[in-house]
Amino acid sequence: MVDDNEPPDSKLTRTKEKWAREGRFLTGKITRPEDQRLPPGQHLTKDWPVLDLGVVPPVSRERWRLDVYGAVDAPVFWTFAEFTAQKQARFTSDIHCVTTWSRYDNEWEGLATRELLAACQPREDARFVVLHSYDGYTTNLALEDFAAEDALLAHSWSGQPLSAEHGGPVRLVVPHLYFWKSAKWLQAIEFLTEDAAGFWEVRGYHNRGDPWAEQRYSGD
Ligand SMILES: Nc1nc2c(c(=O)[nH]1)N[C@H]1C(S)=C(S)[C@@H](COP(=O)(O)O)O[C@H]1N2
Ligand SMILES: [Mo]
């Protein structure tokens with residue numbers, strides 16, 4: 001007899017059960033009490049400043065590709081159409097930039113990083129990701145931080161396609177860390193068993209970048 005309550009014994013099911021046992025992916029916090037919403041040393045802004053290395057790479061939605069490789073069982077290579085054919089998520093979250101501005105209530109649409117993980121099947125020994133961008137920028141994250149429940153690969157903001165200056169066609173958004181971790185013009189996601197510091201992380205910025213702990217610089 002087949003038990004209807006029994007989930008299919010897929011590799012993904014087993015991996016998710018293992019994560020649950022280990023208490024992984026508990027880092028992401030979507031809601032905070034209002035009086036703790038603005039991290040220490042930050043001020044609110046209503047506009048949305050542009051910060052990057054100064055070059056907007058010319059990548060149209062037609063030419064954009066996403067490569068997901070490294071310590072995964074199912075590498076992903078998607079066109080923009082294939083990317084948006086995946087299950088879509090709408091998350092609202094706050095931005096906290098290490099240069100001390102914060103912006104509340106940004107409406108993002110795209111692919112939740114958890115859906116990406118379900119597609120690419122990280123290996124048991126995968127612990128870190130490095131984001132590679134079309135402008136040559138890189139940034140690194142612990143897998144737990146990448147997998148936060150409000151993290152996503154965003155193609156739209158406020159119901160409109162993400163503008164080129166803010167990282168369109170697709171950028172990462174990891175709301176619970178400083179915004180330099182949210183790679184614009186996302187090109188590839190590399191899964192690693194050992195950590196590998198990114199562009200700002202080798203230039204004196206904190207490896208993790210938790211705004212509530214004011215992890216701005218590597219000595220913090
Ligand atoms: N590809 C890429 N992503 C990037 C950067 C960059 O230079 N290149 N700068 C980071 C920094 S330092 C910040 S504060 C935010 C700024 O995003 P915004 O310009 O949309 O505000 O993008 C982050 N992501
Ligand atoms: Mo930044």
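The residues of the shell around ligand 1 divide into 11 nonpolar, four polar and three charged. That shell holds 18 residues, and the closest are Asp52, Ser133, Tyr137, Trp180 and Lys184. The model is predicted.

The protein chain has 220 residues, of which 34% are buried. Its secondary structure comes to four helices and 11 strands. Among the contacts with a separation of 6 or more, 67% are between residues 24 or more positions apart.

**Nonpolar core**

The largest nonpolar core contains 45 residues, and Val129, Leu152, Leu153, Ala154, Val174 and Leu186 have the most contacts inside it. Two or more residues of this core come from each of β2 (65–70), β5 (101–112), α3 (113–120), β6 (128–133), β8 (152–157), β10 (171–173) and β11 (186–192). Setting aside residues up to four places away in sequence, Leu186 touches Leu66, Leu131, Ser133, Leu153, Val170, Arg171 and Leu172. Ser133 is also one of the residues closest to ligand 1.

**The five-stranded sheet**

An open sheet of five strands runs in the order β3-β2-β11-β6-β7, with mixed pairing. Its edge strands, each pairing on one side only, are β3 (76–79) and β7 (138–142). From one strand to the next, the twist averages 15°.

At one edge, β2 and β3 form a hairpin with five residues between the strands. Their pairing is antiparallel over four bridges, and Asp67 stands opposite Phe77 in β3. At the other edge, β6 and β7 run antiparallel and are joined by five bridges. Here His132 stands opposite Thr138 in β7.

**Strands paired with β5**

Strand β5 pairs with β1, β4 and β8, as the table sets out.

| Pair | Sense | Bridges | Bridge partners |
|---|---|---|---|
| β1 (residues 43–44) and β5 | parallel | two | Leu44 and Ser102 |
| β4 (residues 89–96) and β5 | antiparallel | seven | Ile95 and Arg103 |
| β5 and β8 | antiparallel | five | Glu109 and Ser156 |

β4 and β5 also make a hairpin with four residues between the strands, in which Thr100 takes a positive phi near 90°. Both β5 and β8 are among the elements that give two or more residues to the largest nonpolar core.

**Two residues in their surroundings**

Thr139 is found in strand β7, which is an edge strand of the open sheet. Is Thr139 buried or exposed? Thr139 counts as buried because 23 C-beta neighbours lie inside 10 Å, where the cut-off for burial is 20 or more. Beyond its neighbours within four places in sequence, Thr139 is in contact with Leu131, Trp180, Lys181, Ala183, Gly198, Phe199, Trp200 and Glu201. Of these contacts, Gly198 is 59 residues away from Thr139 in sequence, with a C-alpha to C-alpha distance of 4.0 Å. Trp180, another contact of Thr139, is one of the residues closest to ligand 1.

Glu124 is placed in the loop between α3 and β6. This residue has 10 C-beta neighbours inside 10 Å and therefore counts as exposed, the cut-off being 12 or fewer. Glu124 and Ala71 are 53 residues apart in sequence, and their C-alpha atoms are 8.5 Å apart in space. The two elements that flank the loop of Glu124, α3 and β6, each give two or more residues to the largest nonpolar core.

Technical notes
Residues are numbered from 1 along each chain as its sequence is written. Chains are lettered from A and ligands numbered from 1 in the order in which they are written. This is a predicted model: local features need pLDDT of at least 70, side-chain atom pairs count only at pLDDT 80 or more; totals for chains, interfaces and linings use all residues. Two residues are in contact if their C-beta atoms, placed from the backbone, lie within 7 Å. A nonpolar core is a set of buried Ala, Val, Leu, Ile, Met, Phe, Trp, Tyr and Cys residues joined through C-beta atoms within 7 Å. A residue is near a molecule or strand if its C-beta atom, placed from the backbone, lies within 6 Å of it. Ala, Val, Leu, Ile, Met, Phe, Trp, Tyr, Cys and Pro count as nonpolar, Asp, Glu, Lys and Arg as charged, and the others, Gly among them, as polar. Two strands pair if DSSP finds at least two bridges between them. Axes are lines fitted to C-alpha atoms, for helices over the stretch in contact, and angles run from 0 to 180 degrees between N-to-C directions.
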